[in-house]
Amino acid sequence: MTTLLEIKSSLFTDGQSSRLADRYVERWREANPDGTVIVRDFARDPIPHLTAEAFAGFAAEAAARTPEQAAAVAFSDTLVDELARADVVALGLPMYNFGIPSSLKAYFDHVARSGITFRYTAEGPEGLLTGKQVRIFAARGGLYSGTPRDTQTAYVRNFLGFLGMQDVAFVYAEGLAMGDEPRDQALTAANAALDELAV
Ligand SMILES: Cc1cc2nc3c(=O)[nH]c(=O)nc-3n(C[C@H](O)[C@H](O)[C@H](O)COP(=O)(O)O)c2cc1C
């Protein structure tokens, strides 16, 4: 049975990136009626920043962990398990202050686990989360795609690639703060691109 993990990283429960990701999930459900959907919504369940103590807990033997470290590792394990189970990842990606949401960075810090999601070899780092499709729905107030000011695309691709996810496609909804008409046009185009991606 196939599994989709939807990650919504908007601050808002009805963010534009979340709506695009939701639409993709709807399309995916139509095509995979027996599939399983896991939803991780940061607006509803915030992701804490990684702390030095939690990070030390990742490397410690289970028996040596403090209760706080054990809780932090259990939380990280839950996020990693969701990601490992997924055949498809649908990520809602807003642009906030010229970068990815800080909650998504915190999520990345919790799923980058040495020996579990990646490992270092003599040939360099090897990602262990392979064979997944990642579909990313990027919502932005301004226009960045294809320019050096797009700090998100290369960074997110690089991070996912480090964990072994190479099949990554982006759909952009840009200019959402540039007036009603540009916004509507951008959303219509993004919905069409998303529908195309889902077939
Ligand atoms: C805190 C905050 C910071 C933002 N910073 C930017 C920015 O740097 N560049 C931009 O183009 N849009 C910016 N925007 C607009 C968002 O990218 C836009 O509203 C988009 O829809 C956000 O996705 P969401 O609706 O899924 O949250 C910002 C919005 C917020 C709330």
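Pro 67 lies in helix α3, and in this predicted model the residue counts as exposed, because 7 C-beta neighbours fall inside 10 Å and the limit for an exposed residue is 12 or fewer. The C-alpha atom of Pro 67 is separated by 9.7 Å from that of Gly 57, a residue ten places away along the chain.

**Helix α3 and its two partners**

Gly 57 also belongs to the contact between helices α2 and α3, in which Glu 53, Ala 54, Ala 56, Gly 57 and Phe 58 of α2 meet Glu 68, Gln 69, Ala 72, Val 73 and Ser 76 of α3. By class, that contact of α2 with α3 has five nonpolar, three polar and two charged residues. The axes of α2, which covers residues 52-59, and of α3 come within 8 Å and cross at roughly 75°, and the two helices are therefore roughly perpendicular to each other, since angles of 65 to 115 degrees are counted in that way.

Helix α3, residues 67-85, also packs against helix α4, residues 102-111, with axes that come within 8 Å and cross at roughly 90°. That crossing makes α3 roughly perpendicular to α4. On the α3 side the contact is formed by Phe 75, Ser 76, Leu 79, Val 80 and Leu 83, and on the α4 side by Tyr 107, His 110 and Val 111. The residues of this contact divide into six nonpolar, two polar and no charged. Ser 76 of α3 is named in the contact with α2 and again in the contact with α4.

**Overall architecture**

These helices are part of a protein with six helices and seven strands, and along the sequence the elements follow the pattern β-α-β-α-α-β-α-β-β-β-α-β-α. The C-alpha trace spans about 60 × 40 × 35 Å along its principal axes. For a chain of 199 residues, a compact globule would have a radius of gyration near 16 Å, and the value of 17 Å for the protein agrees with this. Buried residues make up 33% of the 199 residues. When contacts between residues at least 6 apart in sequence are considered, 78% of them join residues at least 24 apart.

**The shell around the ligand**

There are 19 residues around the ligand, and those that come nearest are Gly 15, Ser 17, Pro 94, Gly 141 and Gly 142. The elements that give two or more residues to this shell are α1 (16-31) and β3 (88-94), and α1 gives the most, with three residues. By class, the shell has nine nonpolar, nine polar and one charged residues.

**Individual residues in loops and at the end of the chain**

The loop between β3 and α4 holds Asn 97 and Phe 98, and each of these residues has a backbone angle that deserves a note. Phi of Asn 97 is near 45°, a positive value in a residue other than glycine, while Phe 98 has a positive phi of about 70° although it is not a glycine. Asn 97 is exposed, with 7 other C-beta atoms within 10 Å, and Phe 98 is likewise exposed, with 12 other C-beta atoms within 10 Å.

Ala 112 lies in the loop between α4 and β4 (118-121). Leaving aside residues up to four places away in sequence, Ala 112 touches Thr 117, Phe 118 and Leu 163. The C-alpha atoms of Ala 112 and Leu 143, which are 31 residues apart along the chain, are separated by 30 Å. With 17 C-beta neighbours inside 10 Å, Ala 112 counts as partly exposed.

Asp 195 is placed in helix α6, residues 180-198. Its C-alpha atom is separated by 9.6 Å from that of Trp 28, although the two residues are 167 residues apart along the chain. Asp 195 is partly exposed, with 13 other C-beta atoms within 10 Å.

The neighbour counts of the residues discussed above are collected here.

| Residue | C-beta neighbours within 10 Å | Class |
|---|---|---|
| Pro 67 | 7 C-beta atoms | exposed |
| Asn 97 | 7 C-beta atoms | exposed |
| Phe 98 | 12 C-beta atoms | exposed |
| Ala 112 | 17 C-beta atoms | partly exposed |
| Asp 195 | 13 C-beta atoms | partly exposed |

Definitions and conventions. Residues numbered from 1 in each chain as written. Predicted model: local features only at pLDDT ≥ 70, side-chain atom pairs only at ≥ 80, totals over all residues. Axes fitted to C-alpha atoms, helices over the stretch in contact; angles between N-to-C directions. Helix = DSSP H or I, 4+ residues; strand = E, 2+ residues; numbered from the N terminus. Parallel < 35°, antiparallel > 145°, perpendicular 65-115°, else oblique. Contact = placed C-beta atoms within 7 Å. Nonpolar A, V, L, I, M, F, W, Y, C, P; charged D, E, K, R; others polar. Near = placed C-beta within 6 Å. Rg over C-alpha atoms; globule rule 2.2 N^0.38 Å. Buried ≥ 20, exposed ≤ 12 C-beta atoms within 10 Å, placed from the backbone.
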